[in-house]
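Trainee: I would like a close look at a single part of this model, followed outward into the rest of the chain. Could you take one side-chain pairing as the starting point and build the picture from there?

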Amino acid sequence: LKELTAHLQQSGGLKVELATSMGNHQLDSENEIIIYRIVQELVSNVLKHADASKLSISLTYFEEEGLVNIMVEDNGKGFDMATVELEADGMGLGSLNEMVVSLQGDIKFDSHPNMGTTVNIDLPIISQTNLTEL
């Protein structure tokens, strides 16, 4: 994620901020890949649709709850939640929603026209046994 944000920062036009609070917890490679792909999809949506000048990515581990919180915020043009379908019809918000739900996670979208977008995801740390079922 540090490399991704550095690359975005270098490409210009977008101020990118990454904050991580993982404590001493090290994720296994499967969880790292899942989280990276989720963030990558959210960043891709911001680049394609938001016309944002600022992007904030936050990753926090909550040990007692056994979950990772991913928050991606932008100051872009936002969208009307009532007009966006969250069905999985290929890539985008629908497939992201389906992926998070299939991992027993929770995803919330907060967006309004001309007010940016915040996506907040709580994802339980996936055990190796759960991953083989996917």
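Mentor: Let us begin with the salt bridge in which the side chains of Lys77 and Asp51 meet, at 3.7 Å from N to O. This pair links distant parts of the chain, with Lys77 in the loop between β3 and α3 and Asp51 in the loop between α2 and β2, 26 residues apart. The model is a predicted one, and the distances and areas that follow should be read in that light. Lys77 has a relative accessibility of 42% and therefore counts as partly exposed, whereas Asp51, at 63%, counts as exposed.

The count of salt bridges in the model comes to two, and the other one belongs to strand β4. Lys108 forms a salt bridge with Asp106, and the closest N and O atoms are 2.6 Å apart. Lys108 is partly exposed because its relative accessible area is 49%, which lies between the limits of 20% and 50%, and Asp106, at 34% relative accessibility, is likewise counted as partly exposed. Both residues belong to the uncovered face of β4 (residues 106–111), which is made up of Asp106, Lys108 and Asp110, while Ile107, Phe109 and Ser111 form the covered face. Strand β4 pairs with β5 (residues 117–124) in the antiparallel sense over six bridges, and the bridge partner of Ser111 in β5 is Thr117. Five residues lie between the strands of this hairpin, in which Asn114 takes a positive phi near 65°.

Returning to the Asp51 side of the first pair, the loop that holds Asp51 lies between α2 and β2, and both of these elements take part in a left-handed β-α-β unit, made by β1, helix α2 (residues 29–50) and β2. Strands β1 (residues 15–21) and β2 run parallel and are joined by seven bridges, with Thr60 in β2 as the bridge partner of Ser21. Strand β2 (residues 54–62) is mostly covered, in that seven of its nine residues are buried. Strand β2 also pairs with β3 (residues 67–74), here in the antiparallel sense and over eight bridges, and Ser58 stands opposite Met71 in β3. The hairpin of β2 and β3 has four residues between the strands, and in this hairpin Gly66 takes a positive phi near 65°.

Within helix α2, Asn45 deserves a separate look. Asn45 has a relative accessibility of 14% and so counts as buried, the limit being under 20%. Apart from its neighbours within four places in sequence, Asn45 is in contact with Ala50, Gly92 and Leu93. Helix α3 (residues 93–102) also holds Ser95, which is counted as buried because its relative accessible area is 19%, under the 20% limit. Ser95 can be set against Glu41, since the two are 54 residues apart in sequence and 9.8 Å apart in space, C-alpha to C-alpha.

Helix α1 (residues 2–10) adds another layer to the region around the β-α-β unit, and its buried residues are Leu4, Thr5 and Leu8. Seen down the axis of α1, these buried residues fall within an arc of 95°, so they line one face of the helix. In general, an α-helix has 3.6 residues a turn, so residues three or four places apart point the same way. The buried residues of α1 pack against β1, α2 and β2, whereas the face turned away from the buried side carries the exposed residues Lys2, Glu3, His7 and Gln10. Just after α1, Gly12 takes a positive phi of about 80°.

Finally, these parts can be placed in the whole chain. There are four helices and five strands, and along the sequence they follow the pattern α-β-α-β-β-α-β-β-α. Buried residues make up 40% of the 134 residues in the chain. Of the contacts with a separation of 6 or more, 61% are between residues 24 or more positions apart, and the Lys77 and Asp51 pair with which we began is itself 26 residues apart. The chain exposes about 8,100 Å², of which carbon and sulfur atoms supply 50%.

Definitions and conventions:
Residues numbered from 1 in each chain as written. Predicted model: local features only at pLDDT ≥ 70, side-chain atom pairs only at ≥ 80, totals over all residues. Heavy atoms only, no water. Buried < 20%, exposed > 50% of the residue type's maximum accessible area, 1.4 Å probe, protein only. Helix = DSSP H or I, 4+ residues; strand = E, 2+ residues; numbered from the N terminus. Pairing = 2+ DSSP bridges. Right-handed = clockwise from strand over helix to strand, strands pointing away. Contact = heavy atoms within 4.5 Å. Arc of directions from axis to C-beta. Areas by Shrake-Rupley, 256 points an atom, 1.4 Å probe, with all protein chains shown as cover. Salt bridge = Lys/Arg side-chain N within 4 Å of Asp/Glu carboxyl O.
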